[in-house]
Amino acid sequence: MDRIITNFGFRTTADEVAEGVDLTGKRAVVTGAASGIGVETTRTLAKTGAEVTIAVRNLEAGAKVAGEIMTTTGNKRIRVAQLDLNDRASINAFVADWIGPLHILVNNAGVMAIPDLRKTPGGWEMQFATNHLGHFALSLGLHDALASAGAARIVVVSSSGHLLSPVVFDDINFAFRNYDPWSAYGQSKTANILFAVGATIRWAKDGITSNALNPGAIATNLQRHIGGKLATPPERQKTPQQGAATSVLLATSPLLEGVGGHYFENCNEALTVTSRPDAYEGVAAYALNADNANRLWDTSVDLLGQYSKQS
Ligand SMILES: NC(=O)c1ccc[n+]([C@@H]2O[C@H](COP(=O)([O-])OP(=O)(O)OC[C@H]3O[C@@H](n4cnc5c(N)ncnc54)[C@H](OP(=O)(O)O)[C@@H]3O)[C@@H](O)[C@H]2O)c1
């Protein structure tokens, strides 16, 4: 299959990508939409007429964002629901409360470069747990809702940070290697891409496809652990609206109909690379590898310990 190339690019905004798109009657979930890229992803999806549920840790912050988006877009179907990706009970409650079809799931929430080795109550390294495992459990839980939509898309927000590390299957939790904040982030962001590959392999038959993306460098709360500043030079930075553009492309573009298992940046499919490029662009071959994707899927199922391999 040829690389998917669009008329959009580095500076395109989410609103520009969604121009002319009508998602009235469709339902979307955006995780981590109380700040940053998730807010703008929600805003643009709201403008298309979709019902959007923002899944957030902090309901008060979520309600504030939802209120502002309802006022500015005129779309009153913006819902807020509690979701902590490190808390299985919270994920299960979100899934249990979801009724009816789900057309678009944007796995957007994330943490970056936690300075010290932190573990979740489940005993998992915090970045892998939040960025990958929590979203994995959420997606599995929402599988039937996605399948009942007929044609559903899972959009996975990864990062160029995936170029920093493959998933180190023999030591995901840093039990043997020294903890490094960026290796842990890189590992979790590679897992995001492998999830998109694995989900498409398993669920395309159910009408569910999944693609991953790098949003670019955007000043948000994500930089809280690195002094609140982006290291990227200003001319390589994007606004949150530009940062949300590739997510919205993958969620809404007719070009992506039935397409899954790919990785995009700057609104175009990325080139596959076999070593880390200086410019930190492209997608590592290890992140698209089907064997790695299947191994991660089985490992994640084992880690969660409650889903059957047939799911
Ligand atoms: N900004 C960039 O330059 C950049 C570059 C590459 C990739 N990304 C990716 O883009 C995505 C969005 O990041 P952002 O830049 O918009 O950062 P952000 O403003 O910090 O947003 C991340 C969101 O994730 C939420 N979150 C964190 N841990 C969570 C948990 N355990 N359960 C539920 N939600 C949780 C945060 O909630 P709280 O508000 O409660 O903390 C926050 O709302 C992330 O996946 C990130 O890795 C960003």
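**Strands, ligand shell and three residues**

Modeller: From strand S4 (residues 104-107), Ile 104 and Val 106 point one way and Leu 105 and Asn 107 the other way, and all four are buried. The model is a predicted one, in which local features need pLDDT of at least 70, side-chain atom pairs count only at pLDDT 80 or more, and totals for chains, interfaces and linings use all residues. Residues are numbered from 1 along each chain as its sequence is written, and side-chain values use heavy atoms, with hydrogens and water left out.

Biologist: What makes S4 a strand?

Modeller: Strands (E, at least two residues) and helices (H or I, at least four) are DSSP runs, numbered from the N terminus. S4 covers residues 104-107, and that run therefore satisfies the minimum of at least two.

Biologist: Why is Asn 131 called buried?

Modeller: Buried means under 20% relative accessible area, exposed over 50%, and partly exposed in between, with a 1.4 Å probe and protein chains only. Asn 131 has a relative accessible area of 0%, so it is called buried. Its place is in helix H5 (residues 126-141).

Biologist: Which class do Ser 253 and Asp 84 receive, and why?

Modeller: Ser 253 has a relative accessible area of 9%, which is under 20%, so it is buried. Asp 84 has 22%, which lies between 20% and 50%, so it is partly exposed. Ser 253 is located in the loop between helix H9 (245-252) and S9, whereas Asp 84 is found in the loop between S3 and helix H4 (88-97).

Biologist: How do you know that S1 and S4 pair?

Modeller: Two strands pair if DSSP finds at least two bridges between them. Strand S1 (residues 27-31) and S4 have 3 bridges in the parallel sense, so the criterion of at least two is met. Val 30 has Val 106 as its bridge partner in S4, and Val 106 in turn has Val 155 as its bridge partner in S5. S4 and strand S5 (residues 152-157) run parallel and are joined by 4 bridges.

Biologist: Through what do the strands of a sheet pair?

Modeller: Such strands pair through backbone hydrogen bonds, either parallel or antiparallel.

Biologist: What makes S3 and S10 edge strands?

Modeller: The open sheet has 8 strands in the order S3-S2-S1-S4-S5-S6-S9-S10, with mixed pairing. Strand S3 (78-82) and strand S10 (268-269) each pair on one side only, as the edges. S1 pairs in parallel with strand S2 (residues 51-56) over 5 bridges, and Thr 31 stands opposite Ala 55 in S2.

Biologist: How do you know that S1 is mostly covered?

Modeller: Of its 5 residues, 5 are buried. Arg 27, Val 29 and Thr 31 lie on one side and Ala 28 and Val 30 on the other.

Biologist: What makes the approach of Asp 84 to the ligand a polar contact?

Modeller: A polar contact is a pair of N or O atoms within 3.5 Å; within protein, one must be able to donate a hydrogen and the other to accept it, and residues adjacent in sequence count only if both atoms are side-chain atoms. A polar side-chain atom of Asp 84 lies 3.1 Å from a nitrogen atom of the ligand, so the distance falls within that limit. An N or O atom in the side chain of Thr 220 is 2.6 Å from an oxygen atom of the ligand. The protein covers 94% of the 890 Å² of accessible area that the ligand has on its own, by the Shrake-Rupley method with a 1.4 Å probe, where for residues only the protein chains shown count as cover.

Biologist: Which residues come nearest to the ligand?

Modeller: Ser 35, Arg 57, Asn 108, Tyr 185 and Thr 220 come nearest of the 29 residues around the ligand, where a residue is near if one of its heavy atoms lies within 4 Å.

Biologist: What is Asn 131 in contact with?

Modeller: Leaving aside neighbours within four places in sequence, Asn 131 is in contact (heavy atoms within 4.5 Å) with residues including Ala 109, Gly 110, Tyr 185 and Ser 188. The side chains of Asn 131 and Ser 188 are joined by a polar contact of 3.0 Å. Asn 131 and Gly 110 are 21 residues apart along the chain, with 5.1 Å between their C-alpha atoms.
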